[in-house]
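Work through the exercises below with the model open. Each task is followed by a solution in steps.

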Amino acid sequence: MHVIVGAGVIGSTTAVQLAEAGEKVRIVTRSGSGPDHPNIERVSADAGDAAALSRLSEGAVAIYNCANPPYNTWPTDWPPLAASMLAAAESSGAPLVITGNLYVYGPVDRPMTPDMPLAAPTVKGRVRVKLWEDALAAYRAGRISGVTEVRASDFISPKHSALEFVIPALKAGRTAWLPGPLDMPHTFTYTGDVARALIALGRDERAWGRAWHVPSTAPVTMRELVRRTARVGGFAEPTVRGIPGPVMYASGWFNAFAKEMREMSYQFDRPFILDSSETEAVFGLRPTGLDEALAATIREPVAA
């Protein structure tokens, strides 16, 4: 039994990959949502309740942290949620596999590797650093059997990604408006590859005690990503425009997500490149080709 906390893009994709491979999956969310599959049990529970999650994790072979609280509640929502998953891993003896991101590094001037200092100056980055350091400390103290964090860049996905806005615009023949400079090299990570990495590393003790980067394709600019999406989807040649910085800043007064994105704007004003070569070499994983990932994303229903 694999226990997955969260039924968003990553949690759902991971659950389906495991289920289709014949594995039993228990997916835990407040609403009891998740993919419909004979091998997936959907449970409505508060994953921040350590006692409840520990009961649900009895006999688990792995616990996957695929949760994603709203951006503006990270400082209050993540600590009890992360502590609950640590408690469940400790009581069950199952390794904890964490879905991570690149916020932990902060602004950098070279391709990001997993051994870089965790120098995040942002609120959200520091929350993620604390989450990882607490889990690592529990592992080193022998409280949990194993832990790893699988870090990805911005998603290629129909939800929680730039394509959430791009694909509807392309289908309607409208201008695609995106924040930040459009011509900086940027790594994008396909969510199917995130799930594959979580599953592979969750089974391999070589992954324990450190973070790894999800195999991702070569960086492209935001403008090129939109053009490739249009070509793969058979849409008309797109018009792409950048949302001016002052407009993005002002929108934060009316939109909580836009407000929270202000502190992450550094990711788009310089090259933002993930180096996943070590993960590929050690575990034999390879990224899905960009056009294949885009085609799958265009076909997918929008996930929660």
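A helix axis is here a line fitted to C-alpha atoms over the stretch in contact, and angles between N-to-C directions run from 0 to 180 degrees. The model is predicted.

**Exercise 1.** Describe how helix α5 and helix α11 are placed relative to each other, and list the residues that meet.

Solution.
- Step 1: Helix α5 covers residues 163-172 and helix α11 covers residues 290-299; their axes come within 11 Å and cross at roughly 75 degrees.
- Step 2: Angles of 65 to 115 degrees count as roughly perpendicular. The crossing angle therefore makes α5 roughly perpendicular to α11.
- Step 3: From α5, the residues Leu163, Ile167 and Lys171 meet Leu294, Thr297 and Ile298 of α11.
- Step 4: Sorted by class, the residues of this contact are four nonpolar, one polar and one charged.

**Exercise 2.** Find the orientation of α5 and α7, the hand of their crossing, and the classes of the residues in contact.

Solution.
- Step 1: Helix α7 spans residues 222-233, and its axis lies 10 Å from that of α5, at an angle of about 45 degrees.
- Step 2: This angle falls in none of the parallel, antiparallel or perpendicular ranges, and α5 and α7 are therefore oblique to each other.
- Step 3: The crossing of α5 past α7 is right-handed.
- Step 4: On the α5 side the contact uses Leu163, Val166, Ile167 and Leu170, and on the α7 side Leu225, Val226, Thr229 and Ala230.
- Step 5: Seven of these residues are nonpolar and one is polar, with no charged residues in the contact of α5 with α7.

**Exercise 3.** Describe the packing of α3 and α4 and the residues that make the contact.

Solution.
- Step 1: Helix α3 (residues 74-92) and helix α4 (residues 123-140) have axes 10 Å apart, with an angle of about 15 degrees between them.
- Step 2: Angles under 35 degrees count as roughly parallel, so α3 is roughly parallel to α4.
- Step 3: α3 and α4 cross in a right-handed sense.
- Step 4: α3 contributes Trp74, Pro75, Trp78, Ala82 and Leu86, while α4 contributes Val123, Lys124, Val127, Arg128, Leu131, Asp134, Ala135 and Ala138.
- Step 5: The contact of α3 with α4 holds ten nonpolar, no polar and three charged residues.

**Exercise 4.** How many cavities of 30 Å³ or more does the whole structure hold, and which residues line the largest cavity?

Solution.
- Step 1: The search of the whole structure gives two such cavities.
- Step 2: The largest cavity has a volume of about 60 Å³.
- Step 3: Its lining consists of Asn65, Ala82, Met85, Leu86, Leu96, Ile98, Leu131, Asp134 and Ala135.
- Step 4: α3, β5 (96-101) and α4 are the elements that each give two or more residues to this lining.
- Step 5: The lining divides into seven nonpolar, one polar and one charged residues.

**Exercise 5.** Give the volume and the lining of the second largest cavity.

Solution.
- Step 1: The volume of the second largest cavity is about 40 Å³.
- Step 2: Pro181, Leu182, Met184, His186, Met222 and Phe268 form its lining.
- Step 3: Five of the lining residues are nonpolar and one is polar, and no charged residues take part.

Technical notes
Residues are numbered from 1 along each chain as its sequence is written. This is a predicted model: local features need pLDDT of at least 70, side-chain atom pairs count only at pLDDT 80 or more; totals for chains, interfaces and linings use all residues. Side-chain values use heavy atoms; hydrogens and water are left out. Helices (H or I, at least four residues) and strands (E, at least two) are DSSP runs, numbered from the N terminus. Angles under 35 degrees count as roughly parallel, over 145 as roughly antiparallel, 65 to 115 as roughly perpendicular and the rest as oblique. A crossing is left-handed if the near helix is turned anticlockwise from the far one by less than a right angle, and right-handed if clockwise. Contact means heavy atoms within 4.5 Å. Ala, Val, Leu, Ile, Met, Phe, Trp, Tyr, Cys and Pro count as nonpolar, Asp, Glu, Lys and Arg as charged, and the others, Gly among them, as polar. On a 1 Å grid over the protein atoms alone, a cavity is a set of points where a 1.4 Å probe fits but cannot get out, and a pocket is an open set with protein on both sides within 12 Å along at least five of seven lines; lining residues have an atom within 4 Å of a point. Grid points are joined across faces, edges and corners, and a volume is the space filled by probe spheres set on the points.
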